[in-house]
Amino acid sequence: MSRLMVVAALGLLCGPACGPRMAEVSTQAAEPPSAVGPLLTLLKKGTLPAERVPSVAKMVCERGNPHDLAYVFQQAVSETWPAELRRNALRWLREAAETRKVVPAGDLAPLVTLLSDDRDPQQLRDAIALAGAWKAPTAVAPLQKLAARTQLSADLRMAAQEALIAYGGDVARATIDRMLAPDQPREVRLRGVAGLVPLDPPRAAEAAALLLSELGPTDSPAPLLDPFLNQRGGADRLAAALEKRPPAADVALLSLRHLYAVGRSDPALEGLLSRLAGIHAELPRLTPEEILELAERAEKEGDPVRGELVFRRADLACLRCHSVSQAGGQVGPDLSPVGASSPVDYLVKSLYEPDAQKKEAFLTRIVLTLDGRQFTGIVENRTDEKLTLKLADGRRIDIPLADIDVESEGKSLMPEGLVKFMTRQEVLDLVKFLSMLGKPGTPYAIRQTQRMQRWRLWLQPPEHLLVSIPNDELFGDVVLRSDAWEPVYARVDGSLPLAELTTRTGAPVVYVSGEVDVTVPEKVLIAVDNWAGVQAWFDGDLLAGEGEPVVEPTAGRHRITLRIDTAQRPTDVLRLEVRAAPGSKAQASVVDGA
């Protein structure tokens, strides 16, 4: 960042309150000690408005040198900054280490203090991740204590183990040996194999084959497969190990589905898994005449209602990459208008030959790093320091340019062969559904109202919150602060299918959450199609579960949380919409995306 850019940023960040300081900054030496020296000076003097401090602190972490970051670290381990800002600072410091290889100068020992404080689980999790990114020697012993501390939650113990693995060398190997012990839970052993892949690929492949042979038809093989897919030559090495110790047919099928879901087509592994699952690896190419015939049959015989169910199937992972009604994955094209803008034969060919139909904006890049990792994704951003890829599962990954060995163009993230997992009628139904998207006057038209499409589902609520409604304290401390929420999506018409949720959680009572962005803060209505069996909270406030509750929020993002007892519902779907109250000029929109 140039000095001119910094001075301009100061004007934006500080506003009139910093005016007297600008002349002082602009008359400093022509060569400041760092790219963010003026910003750091204001941060240290305490003259910034409180609401601007986070923006400046983040800029310092993104551009500062080790001495600049040392000041941010000092504030993050003190009580000077608010708790949320301290947590964010830990995250920004970790990103600086991972993307720019910059670690604060001076003594890192205060990190040990954070690793000894479990009052704030999120802060502890951030401190653990930071220790792994820095590979701070003084943090090894505290991390080992955390990893062995049975009173700590399983996810925090796992985070400590993964941080130790990040150290590499003897520390990592000793940690992995403990994780792979036969008496360890399967989840721990899975993570141990993942950590072993870059350290000892042959041993990791053998351990993975053993664990895959132990999986059943309801167990996900993804945690075992992904580390090999992200390692150069890892897929071939795993295929060789599975030849010697093959998994069951159902596990091979699940593995093959995952391979397609993350956009990979590794010939050796795909061929082996297809053979073990009893599926033909290659599909015959359709002739132009066959494509037209299939399109005609889809228009006549396809059912869009059934087709939407096919589209939402977890094993096909369509929603992981594509959004409809602005909800779903942000990796592939938004399909909301595709039926109104594309002929049916184009849709058929896109299913059978996705690589031939890919658009320039969605070309993939294959990136091989100097340490042997491999990633395939869509380029979201490229700077002078890092490349940001969107992967097929929706994750974003930052890769420092200095770490890239080879970069090349890849194929479509939607691999050929997904139709192998569908019957011919399912193909017809899916094509019919796609052909209806965006057509006015149908249930599949472009969304015109602020109905909630993107939700989050609480996967494992405590048993007592399934049988009783949480009070204010429990709701704030347990429900809102939980990080065990995963995305779920309403259908195109805005209806959230409750049976899908209860199947995932195994309980008739579910908790879901959505977000609203308020730009003009006046009175807003929360409209639910039927309040039977529903309790609702706006942020932390319980709403009256009848009629259309009215809230008067501040500007910014707010969270709507529902507790739904599906046994009391007259239907198996739920719809929620936000709109301005009568006489109100409020402007509020639901938050979409993945």
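Trainee: What volume does the second largest cavity have in this predicted model?

Mentor: The second largest cavity has a volume of about 60 Å³.

Trainee: What makes this space a cavity and not a pocket?

Mentor: A cavity is a set of points where a 1.4 Å probe fits but cannot get out, whereas a pocket is an open set. The search of the whole structure finds two cavities of 30 Å³ or more.

Trainee: Which residues line the second largest cavity?

Mentor: The lining includes E308, F311, R312, F433 and Y489. By class, eight of its residues are nonpolar, three are charged and none is polar. Tyr counts as nonpolar and Arg as charged, so Y489 belongs with the nonpolar residues and R312 with the charged ones.

Trainee: How is the lining of the largest cavity made up?

Mentor: The largest cavity, of about 150 Å³, is lined by twelve residues, and N230, V262, T376, L391 and R395 are the closest to its centre. The lining divides into five nonpolar, three polar and four charged residues. Strand 4 (374-382) and helix 14 (222-229) each supply at least two of them, and strand 4 gives the most, with three.

Trainee: How do you know that strand 12 and strand 15 pair?

Mentor: Pairing requires at least two bridges. Two bridges join strand 12 (residues 524-528) to strand 15, so the criterion is met, and the two run antiparallel. V524 stands opposite V551 in strand 15.

Trainee: Why are strands 15 and 18 placed at the edges of their sheet?

Mentor: The open sheet has three strands in the order 15-12-18. Strand 15 (550-551) and strand 18 (576-580) each have a single partner strand, so one side of each is left without a neighbour in the sheet.

Notes:
Residues numbered from 1 in each chain as written. Predicted model: local features only at pLDDT ≥ 70, side-chain atom pairs only at ≥ 80, totals over all residues. Heavy atoms only, no water. 1 Å grid on protein atoms, 1.4 Å probe; cavity = no way out; pocket = protein on both sides within 12 Å on 5 of 7 lines; lining within 4 Å. Points joined across faces, edges and corners; volume = space filled by probe spheres on them. Helix = DSSP H or I, 4+ residues; strand = E, 2+ residues; numbered from the N terminus.
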